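Thanks for coming, everyone. I have a short walk through one structure for you today, so let me put it up on the screen.

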Amino acid sequence: MWPLAAALAVLVACGGGESGQQDTLNVPDSADSAAQAERMRKTRNIFYNIPSPMETAALLKKAGAEYDKDILNDVKNVDRYTAASKQALNLGIYGADLSYASVNNQTQESMFYTSCAKKLADRLGVSNAFNDTTLERMEANMNDRDSLLSIISETYWNVDAYLKENERDNISALMIAGGWVEGLYIATQVARTKDTPELRSRIAEQRLSLDDLLGLMDTYTGTDEALNGAKADLKALAELFGPAPAAGAPAEVTQENGVAVIGGGEPAAALTDDQLKAITEKTATIRNAYIN
């Protein structure tokens with residue numbers, strides 16, 4: 001078991017100094033509360049349809065994806081992210097990496113990514129949703145994989161809810177976009193060496209959640225450069241996936257180690273070799289721009 005002191009030591013090792021000059025994301029005009037409330041109402045259902053990083057990681061595990069730590073974002077990069085937009089995107093990315101490591105029983109790697117996610121959460125001012133109590137719960141359950149997975153999933157949505165409640169839902173949108181892109185990046189990188197029909201099908205099914213994610217991003221019509229950039233990235237990926245399949249059988253929802261996993265409906269989604277290659281390359285380009 002990792003003592004808390006060791007976890008805190010990792011926090012220090014996971015990047016040296018405090019963040020430097022930070023940009024700020026444009027915050028919606030609080031005076032326009034009616035419009036804000038309406039957008040919240042419209043997007044609430046969309047959020048429910050976007051898989052959390054834990055759900056994506058569980059899907060990859062179920063599809064036979066093998067753990068490869070070399071494809072994850074380096075924990076040493078955490079201090080590069082001084083801009084709020086980068087911090088939000090990489091909070092999602094480190095959250096996805098944490099989920100992937102935890103689903104694959106990588107205890108030490110999980111602690112590294114927990115520390116990085118905590119550091120970015122602190123810098124974004126969401127410490128109330130991801131605090132020392134959360135770290136203590138993780139430490140206490142480090143040998144109980146099911147409980148650990150449940151805590152990670154709960155923490156992710158707590159951060160998301162905290163951001164939205166404090167009218168920082170644009171930061172939440174970037175966090176979710178970063179986590180989704182990282183999940184797709186992991187899947188496509190694994191498929192380069194282990195291209196199984198089930199894994200390819202899981203990748204193809206991401207077209208459905210991408211549609212929901214685009215629906216969320218389209219609710220932001222301002223001039224925020226980071227949000228508009230992420231929106232353009234997602235639309236470029238959607239073009240490579242092709243048209244979204246018509247609504248058919250409802251997605252299957254199962255429980256994997258206490259985490260709700262949204263599976264695809266029927267028939268199984270598919271991608272051509274050329275599509276998979278193009279999606280793999282484009283996802284890597286987008287993801288590398290987010291982490292560098």
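Three helices each give at least two residues to the lining of the largest cavity: α3, which is 53-62, α4, and α7, which is 145-165. Before I go on, please keep in mind that this is a predicted model. The biggest contributor to that lining is α7, with five residues. How much space lies in the largest cavity? About 170 Å³. The lining has 15 residues, and those closest to the centre of the cavity are G95, F130, I152, T155 and Y156. If you sort the lining by class, you get 11 nonpolar residues, four polar ones and no charged ones.

For those who like to picture how such spaces are found, rolling a probe the size of a water molecule over the atoms shows where empty space is left.

In total, the structure has three cavities of 30 Å³ or more. The second largest holds about 50 Å³ of space. Its lining is made by T56, L59, L60, G183, L184, A187, R202, I203 and Q206. Which elements give two or more residues to this second lining? They are α3, α8, at 169-193, and α9, at 197-217. Here the classes come out as five nonpolar, three polar and one charged. You may have noticed α3 again: α3 supplies at least two residues to the lining of the largest cavity, and two or more to that of the second largest.

Let me step back to the overall layout. The protein contains 11 helices and two strands. Going along the sequence, the order is α-α-α-α-α-α-α-α-α-α-β-β-α. Of the 292 residues, 52% are buried. Among contacts with a separation of 6 or more, 79% are between residues 24 or more positions apart.

Now a helix pair. Helix α4 covers residues 84-103 and helix α11 covers residues 273-291; their axes come within 9 Å and cross at roughly 120 degrees. The two helices are therefore oblique to each other. On the α4 side, the contact is made by K86, L89, N90 and I93, and on the α11 side by A289, Y290 and I291. By class, that contact has five nonpolar residues, one polar and one charged.

Keep Y290 in mind, as we turn to V181. This residue sits in helix α8. Is V181 buried or exposed? With a relative accessibility of 1%, V181 counts as buried. Setting aside residues up to four places away in sequence, V181 touches L234, T283, I286, R287 and Y290. So Y290 turns up in the contact of α4 with α11 and also among the residues that V181 touches. V181 and D233 are 52 residues apart along the chain, and their C-alpha atoms are separated by 9.7 Å.

Another buried residue is L149, in helix α7. Its relative accessible area is 2%, and that makes L149 buried. L149 and A58 are 91 residues apart along the chain, with 9.9 Å between their C-alpha atoms.

Next, the stretch around α4 and α5. N105 is in the loop between these two helices. What is the phi of N105? Phi of N105 is near 60 degrees, a positive value in a residue other than glycine. As background, most residues other than glycine have a negative phi.

Moving on from the loop, E109 is in helix α5, residues 107-123. Why does E109 count as buried? Its relative accessibility is 17%, and buried means under 20%. Apart from neighbours within four places in sequence, E109 is in contact with Y67, K69 and A101. E109 and V75 are 34 residues apart in sequence, and 9.6 Å apart in space from C-alpha to C-alpha.

My last stop is D211, in helix α9. D211 has a relative accessible area of 37%, so it is partly exposed. From C-alpha to C-alpha, D211 and A238 are 7.8 Å apart in space, while 27 residues separate them in sequence.

That is my tour. Thanks for listening, and I am happy to go back to any of these spots on the screen.

Technical notes. Residues numbered from 1 in each chain as written. Predicted model: local features only at pLDDT ≥ 70, side-chain atom pairs only at ≥ 80, totals over all residues. Heavy atoms only, no water. Axes fitted to C-alpha atoms, helices over the stretch in contact; angles between N-to-C directions. Helix = DSSP H or I, 4+ residues; strand = E, 2+ residues; numbered from the N terminus. Parallel < 35°, antiparallel > 145°, perpendicular 65-115°, else oblique. Contact = heavy atoms within 4.5 Å. Nonpolar A, V, L, I, M, F, W, Y, C, P; charged D, E, K, R; others polar. 1 Å grid on protein atoms, 1.4 Å probe; cavity = no way out; pocket = protein on both sides within 12 Å on 5 of 7 lines; lining within 4 Å. Points joined across faces, edges and corners; volume = space filled by probe spheres on them. Buried < 20%, exposed > 50% of the residue type's maximum accessible area, 1.4 Å probe, protein only.
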